[in-house]
Amino acid sequence: MQQQEAEKKFETAIAETQIEIREETLRNISWELHDNIGQLLTLAKIQVNMAQDDPDKLQEVTDTITKSLTELRSLSKLINPDAIKSLNLTEAITLEIERFNRMQFINASITSNQEIQPLDDKIEIIIFRILQEFFTNTIKHSKASNLNVDVHYDEEKITIHANDDGVGFNSTNTDAKRGIGLGNIQNRCKLIGAEVTIDSEKGKGTEMSLIYHYKKQNLNPTTNEVD
């Protein structure tokens with residue numbers, strides 16, 4: 001009964017996480033359409049009007065429309081469910097990083113070695129959502145200029161480091177962690193048996209380290225008992 005209850009809790013958490021990711025994706029699409037592609041097309045319209053008096057400016061119109069099409073193709077990756085399903089964790093994180101740079105939210109970068117062992121789809125969903133929460137906190141609260149992510153695979157585990165150069169906070173203050181949602185990150189890591197540390201200091205940014213051991217995929221969620 002305990003095992004069934006644990007599995008039910010895990011499946012419920014997966015369903016909730018998928019909904020959160022879907023909602024986040026829709027918000028991202030809305031922002032990109034309005035703040036990025038919409039502005040590019042508005043600029044193209046202005047340039048067309050100017051080119052009526054100066055045909056030499058037609059090349060500027062072409063360049064702007066070409067950039068708009070490029071942005072639309074990038075955005076389509078977020079909309080196409082088949083494309084998303086075919087991505088591994090690193091590729092999904094990279095899409096997020098590219099979006100931050102396109103929208104000029106922050107100067108973001110990612111480094112990674114080659115994936116050694118594929119992760120279970122459900123584990124990937126949880127880890128991806130954990131990173132999304134960290135990214136959201138960085139963009140909304142940290143006032144950071146830079147965000148760096150490193151994903152490293154080895155034979156036993158995946159290790160992810162993410163850090164920003166924002167205002168930071170007192171990481172020993174439980175209320176501060178809870179206030180910006182970092183408690184959710186810790187709870188999700190506990191759900192899949194991952195290890196996470198969040199270090200921050202006022203004026204020195206925030207860093208998160210997450211370690212997930214592949215062997216835990218053979219354990220029952222939340223119980224750590226062998227199937």
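The exercises below walk through the helices, salt bridges and surface of one predicted protein model, each with a worked solution.

Because the model is predicted, local features are reported at pLDDT of at least 70 and side-chain atom pairs at pLDDT 80 or more, whereas totals for chains, interfaces and linings use all residues. Residues are numbered from 1 along each chain as its sequence is written, and side-chain values use heavy atoms, with hydrogens and water left out.

**Exercise 1. The order of the elements**

Task: Establish how many helices and strands the chain contains and in which order they run.

Solution: Begin with the count, taking helices (H or I, at least four residues) and strands (E, at least two) as DSSP runs numbered from the N terminus; the chain then has seven helices and five strands. Next, follow the elements from the N terminus, which gives the order α-α-α-α-β-α-β-β-α-α-β-β. Finally, turn to burial, where buried means under 20% relative accessible area, exposed over 50%, and partly exposed in between (1.4 Å probe, protein chains only); of the 227 residues of the chain, 40% count as buried.

**Exercise 2. Helix α5 and two helices that it crosses**

Task: Describe how α5 is oriented relative to α4 and relative to α7.

Solution: Two packed helices are described by the angle between their axes and the distance between the axes. Here the axes are lines fitted to C-alpha atoms, for helices over the stretch in contact, and angles run from 0 to 180 degrees between N-to-C directions.

Take α4 (residues 89–102) to begin with: its axis and that of α5 come within 10 Å and cross at roughly 20°. Angles under 35 degrees count as roughly parallel, over 145 as roughly antiparallel, 65 to 115 as roughly perpendicular and the rest as oblique, and α4 and α5 are therefore roughly parallel to each other.

Then take α7, whose axis also comes within 10 Å of that of α5, with a crossing angle of roughly 165°; α5 and α7 are therefore roughly antiparallel to each other.

The last step is handedness, where a crossing is left-handed if the near helix is turned anticlockwise from the far one by less than a right angle, and right-handed if clockwise. The crossing of α4 and α5 is right-handed, while α5 passes α7 in a left-handed crossing.

**Exercise 3. Contacts between α5 and α7**

Task: Find which side chains meet in a salt bridge that links α5 with α7, and decide whether the two residues are buried or exposed.

Solution: A salt bridge is a side-chain nitrogen of Lys or Arg within 4 Å of a carboxyl oxygen of Asp or Glu, and a search of the whole structure finds four of them. One of these joins Arg188 and Glu133, with 2.7 Å from N to O. This pair links distant parts of the chain, since Arg188 belongs to helix α7 (residues 182–192) and Glu133 to helix α5, 55 residues apart. Arg188 counts as buried at 13% relative accessibility, and Glu133 counts as buried at 9%.

Cys189 is also in helix α7, and its relative accessible area of 1% makes it buried. The C-alpha atoms of Cys189 and Ile130 are separated by 7.8 Å, although the two residues are 59 residues apart along the chain.

**Exercise 4. Two further salt bridges**

Task: Compare the surroundings of the pair Arg99 and Glu96 with those of Lys204 and Glu201.

Solution: Arg99 forms a salt bridge with Glu96, the closest N and O atoms being 3.6 Å apart. The two residues are three residues apart in helix α4, so about one helical turn separates them, and both Arg99 and Glu96 are buried. Lys204 and Glu201 meet in a salt bridge at 3.8 Å, N to O; here Lys204 is exposed, with a relative accessible area of 62%, and Glu201 is partly exposed, at 44%.

**Exercise 5. Lys140 and Lys143**

Task: Locate Lys140 and Lys143, and state the accessibility of each.

Solution: Lys140 lies in helix α5 and, at 58% relative accessibility, counts as exposed. Its C-alpha is 9.5 Å from that of Phe105, a residue 35 residues apart from Lys140 in sequence. Lys143 sits in the loop between α5 (121–142) and β2 (146–153), and is exposed with a relative accessible area of 72%. Its phi is near 60°, a positive value in a residue other than glycine.
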